[in-house]
Amino acid sequence: MSQLLQFVISGITVGVIYGAVALGFTLIYNASHVVNFAQGEFVMLGALLTVFGIAAGIPYPLAALLAVGGTVLVSVALFDLALRPAGNAPIFALIIITIGASILLRGIARVAFGTSYFSLPPVAGGGPIAIGGAVLLPQSLVVVFGTIFIVVVLRLLMQNTLLGKAVIATSSDAMAANLVGINVSSIVRLSFAISGAIGALAGILIAPIALASHDMGALLALKGFAAAMLGGMGSPVGALVGGLLVGLSETLSAGYISSDYKDATAFIIILLVLSAFPNGLFGKGGYDRV
Amino acid sequence: MKNILIAAAAGVTTLGVLIGPAAAADPIRIGAVISKTGPAAFLGEPQQITLKHYVDKINKEGGVLGRSIDLVIYDDASDANTSRTFATRLIENDAVVAAIGTSTTGGTLAIAPVFEDAKIPLVSLAAGIEITEPVRSYVFKTPHTDRMVCVRIAADMKAHGFNSIALVTGTDGVGKSMRKECTDAAAAKSITIVANESFNPKDVDMTPQLTKIKNTKGVDAVFVGGFGQSLSVVTRNYGQLGLTIPQYHAHGSASKTYIELAGPASEGVRLTGPLLIVADQLRDNDPLKPAAVEYAKTYRELTGKDVSAFGGYSYDALLLIVDAIKRAGSTKPSAIRDALEKTKNLPGVTGMFNMTPEDHLGINENSLYMVNIKNGDWVLAQ
């Protein structure tokens, strides 16, 4: 029993990390239908900029804030310098651009930060908490509640504010949104900025658990993307649920089947779910009006 | 005009290659293919720094056989196909008399046949046992094999009365090789493996695997094999789960980064340490001490970083080749090869090299030291 509890606790921790990355995908997808594969690099930037900020003598909270700010700048630059000039290129081409950006950012990070791994001190100190024979890290709680907080804020923002409505309008038809006076380009830029901030924040939260390095983004982006697809591209709640499902399936299959097939099991579950719900668990079907 | 110049230059180059070793003042050209970039950069970077520094040093001190060394280094970006391209270039264009590389087992296996066919000696910096077993006439290597590491650890476990153990290994090449070799080594010492877990080197959490081990009855010791940051994640999770079973690591964990990242959980971890990290704790009359202490000090001065065993492998490769050229009194590749095979009692920074026609590695598990991590540092186990 304590064994199952431990697997579930680990699964939730890992799952929420994937969910946090998936959230970034969701937001940009909502505004522009672009799947931003540089999202993993935003996570890396958030973590590493904080590490180097602290190393330069800046206090933790300020370093974290600067790291989030820096990542937002990079994210907006990605939109303004690479995606916006591509204009009306097909979505497919824009996605390739984000893959290029992710490789570029990883390369720059390699030169700037080196290839070593870094750790951040946990926000919540203290030893592991014992629950019924299983253990839970205080930092895991920070990650879980931090991510839930981001989801709630995003949901409120999307559903209850004019800005959120503008994002949804832009998502469903950019030209129509433009006609009713929404500045589409600003909305997409804003979504990139928020995604950058979420990515950086996720990086800062998970670095004490998962360690940070210049190439941490690739695997996180892959798992985060899978989580976003599973939950339904575009839904913040779906992103979190998708992340949890991927995380839990990983730890449970590692625990009960074999750690050798852990990644395979997670992806098989995704394939099965997507064949039953092609738009993901919480996704709305896309359709075109003639 | 320009064309004539190029033609003339090409002619001179060809002549140079043909005359080659005949001209006494010519530099001795040695090649190297290492992984300065790509996933294996943590191996290749210190190797590049080490090779450059020591070639300069040798040249400043008058070179070898009165000739300077011209080192041609190529970066294969951790890709075995690229290694092969550069190996061919070293042989055909650069006309090297001996070569060093590559940093990885995969890369070395890709280029070994090229050097074997060209009859030019190659000293590899990779651990894989396949490189020197079976013996290839022209291929040598400097690092200990995974088998030696496992034999050493299994012997230490037996000595402590640990008869049933758990394995936790990465799904990467190093982890897989460790799993295979340590399974064999344990069997040879009649140690039973009661739990066998693996992890993806990029995973952020190894708690499920360790929970299974925690709930397995009668585990006396745990062996963790793999490379990179995943090893410190395992140790962290180990501490978080409150596991107190003795934990063994291979020399992949013999870095200060591992101790820093794993934090207090690394206290008490026992590992096979390379000579370089324990050199200053050796007795003063130990013949291996001076070179290792000097190299560790030089590397720290050069880079401001702690020395790694990986850089040491390239130090030894260069040392072996230079020593062989001196003893051969010739730069003919076949003469260098013959001399390499006769290397006797040469103190490197990885161990004492004694090559034979059957053994192209030349060091044994005696130069792997059992080390405990104590107060964030390595302490030689008695």
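Helices and strands are DSSP runs, helices having at least four residues and strands at least two, numbered from the N terminus. On that basis, chain A of this predicted model reads α-α-α-α-β-β-α-α-α-α-α-α-α along the sequence. The pattern amounts to 11 helices and two strands in chain A.

**Chain A as a whole**

The radius of gyration of chain A is 19 Å, close to the 19 Å that the globule rule gives for 290 residues, so chain A is as compact as a globular protein of that length. The C-alpha trace of chain A spans about 60 × 50 × 35 Å along its principal axes. Of its 290 residues, 50% count as buried. Among the contacts in chain A with a separation of 6 or more, 74% are between residues 24 or more positions apart.

**Helix 2 of chain A**

Helix 2 of chain A covers residues 39-55. With 17 residues at 1.5 Å a residue, helix 2 of chain A should span 24 Å, and the 25 Å between its end C-alpha atoms agrees with this. A residue is buried if 20 or more other C-beta atoms lie within 10 Å of its own. In helix 2 of chain A, 13 of the 17 residues are buried, so this helix is largely enclosed by the rest of the structure. Just after helix 2 of chain A, A:Gly57 takes a positive phi of about 95°.

**Domains**

Both chains are divided into two domains, as the table shows.

| Chain | Domain 1 | Domain 2 | Distance between C-alpha centres |
|---|---|---|---|
| Chain A | residues 24-215 | residues 224-283 | 21 Å |
| Chain B | residues 2-144 + 293-364 | residues 147-279 + 368-380 | 32 Å |

In chain A, 10 residues of domain 1 are in contact with 10 residues of domain 2. On the domain 1 side of this contact, helix 1 (2-32), helix 2 and helix 5 (138-160) of chain A each supply at least two residues. By class, that side of domain 1 of chain A has four nonpolar, five polar and one charged residues.

In chain B, the contact between the domains takes 14 residues from domain 1 and 13 residues from domain 2. Helix 11 (289-303) and helix 12 (309-328) of chain B each give at least two residues to the domain 1 side. That side of domain 1 of chain B has six nonpolar, seven polar and one charged residues.

**Strands 10, 13 and 14 of chain B**

Strand 13 (residues 368-374) of chain B pairs with strand 10 (residues 270-274) of chain B in the antiparallel sense, over five bridges. In this pairing B:Met370 is the bridge partner of B:Thr272. Strand 13 of chain B also runs antiparallel to strand 14 (residues 377-380) of chain B, and four bridges join the two. Here B:Asn372 has B:Val379 of strand 14 of chain B as its bridge partner. Strands 13 and 14 of chain B form a hairpin with two residues between the strands, in which B:Asn375 takes a positive phi near 50°.

**Contact between the chains**

The contact between the chains takes 23 residues from chain B and 25 residues from chain A. On the chain B side, the elements that give two or more residues are helix 2 (41-60), strand 7 (192-199), helix 7 (207-214), helix 8 (230-240) and helix 9 (256-262) of chain B. Helix 7 of chain B provides the largest share of that side, five residues. The chain B side divides into eight nonpolar, 11 polar and four charged residues.

Terms used
Residues are numbered from 1 along each chain as its sequence is written. Chains are lettered from A and ligands numbered from 1 in the order in which they are written. This is a predicted model: local features need pLDDT of at least 70, side-chain atom pairs count only at pLDDT 80 or more; totals for chains, interfaces and linings use all residues. Two strands pair if DSSP finds at least two bridges between them. Two residues are in contact if their C-beta atoms, placed from the backbone, lie within 7 Å. Ala, Val, Leu, Ile, Met, Phe, Trp, Tyr, Cys and Pro count as nonpolar, Asp, Glu, Lys and Arg as charged, and the others, Gly among them, as polar. Domain bounds come from an automatic or database domain assignment. The expected span of a helix is 1.5 Å times one less than its number of residues. A residue is buried if 20 or more other C-beta atoms lie within 10 Å of its own, exposed if 12 or fewer, and partly exposed in between; C-beta atoms are placed from the backbone. The radius of gyration is taken over C-alpha atoms; the globule rule is 2.2 Å times the number of residues to the power 0.38.
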